Amino acid sequence: MGLSILVLIQSNPLETHRPTEGLRIALGLSTGSGSVTVVLLGQARMLVSEETSDVVDMEILERHLPVIQELQLPIVVEEGSSTTFSLDPDFAVREVSQSGIASLLCQADRVLVF
């Protein structure tokens with residue numbers, strides 16, 4: 001049984017390449033034996049929305065998003081995110097309470113923060 005890995009992305013994708021890099025790394029880790037879950041907080045939630053045109057490293061994001069959708073990589077956002085962001089229904093996104101996200105962080109074997 002592989003490790004459970006949580007990739008927490010909280011940086012603003014309009015200001016830095018880190019969120020895009022975090023998604024790319026999560027995708028790479030998802031091909032291993034462990035389970036990978038991505039948690040998007042704050043402005044990072046726009047990575048799975050329909051408004052990604054101004055994201056830093058957009059060309060890299062465009063290359064990896066279709067694979068993330070196809071693999072249905074689990075993505076967690078805070079409850080109420082769909083009222084703020086137009087979340088793309090092609091992603092495996094679920095809204096979770098803040099305490100639920102805290103539980104996910106505590107239960108993961110490894111956590112990577114971007």
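These questions and answers cover a predicted model and ask what lies behind the terms used for it.

User: Why is Ser49 called buried?

Analyst: Its relative accessibility is 6%. Buried means under 20%. The value falls under that cut-off, so Ser49 counts as buried.

User: Where does Ser49 lie?

Analyst: Ser49 is in the loop between strand 2 (35–40) and helix 2 (58–71).

User: What makes the link from Ser49 to Met46 a polar contact?

Analyst: The side chain of Ser49 comes to 2.9 Å from the backbone oxygen of Met46. The limit for a pair of N or O atoms is 3.5 Å, and 2.9 Å is within it, so the pair qualifies. There is also Glu51: its backbone nitrogen is 3.1 Å from a polar atom of the Ser49 side chain. That value is within 3.5 Å as well, so this pair qualifies too.

User: Which residues does Ser49 touch, not counting those up to four places away in sequence?

Analyst: Phe85, Ser86, Leu87 and Asp88. Touching here means heavy atoms within 4.5 Å.

User: How do you know what span to expect for helix 2?

Analyst: Helix 2 has 14 residues, and 1.5 Å a residue gives an expected 20 Å. The rule multiplies 1.5 Å by one less than the number of residues. From first C-alpha to last, helix 2 reaches 20 Å, close to that expectation.

User: Where is the kink in helix 2?

Analyst: At His64, shortly before the proline Pro66. The kink is about 30°. That angle is taken between axes fitted to the seven residues ending at the site and the seven starting there.

User: Which residues of helix 2 are buried, and what do they pack against?

Analyst: Met58, Ile60, Leu61, His64, Leu65 and Ile68 are buried. They pack against helix 1 (18–29) and strand 3 (75–78). His64 is thus on two lists: it is buried, and the kink lies there.

User: What makes strand 1 and strand 2 a pair?

Analyst: Six bridges join strand 1 (residues 4–9) to strand 2. Pairing needs at least two bridges, so these strands pair. They run parallel. Within this pair, Leu8 stands opposite Val39 in strand 2.

User: What is the strand order in the sheet?

Analyst: The open sheet has five strands, in the order 4-3-2-1-5, with parallel pairing.

User: Why are strand 4 and strand 5 called edge strands?

Analyst: Strand 4 (93–96) and strand 5 (110–113) each pair on one side only. From one strand to the next, the twist averages 25°.

Terms used. Residues are numbered from 1 along each chain as its sequence is written. This is a predicted model: local features need pLDDT of at least 70, side-chain atom pairs count only at pLDDT 80 or more; totals for chains, interfaces and linings use all residues. Side-chain values use heavy atoms; hydrogens and water are left out. Helices (H or I, at least four residues) and strands (E, at least two) are DSSP runs, numbered from the N terminus. Buried means under 20% relative accessible area, exposed over 50%, partly exposed in between (1.4 Å probe, protein chains only). A polar contact is a pair of N or O atoms within 3.5 Å; within protein, one must be able to donate a hydrogen and the other to accept it, and residues adjacent in sequence count only if both atoms are side-chain atoms. Axes are lines fitted to C-alpha atoms, for helices over the stretch in contact, and angles run from 0 to 180 degrees between N-to-C directions.
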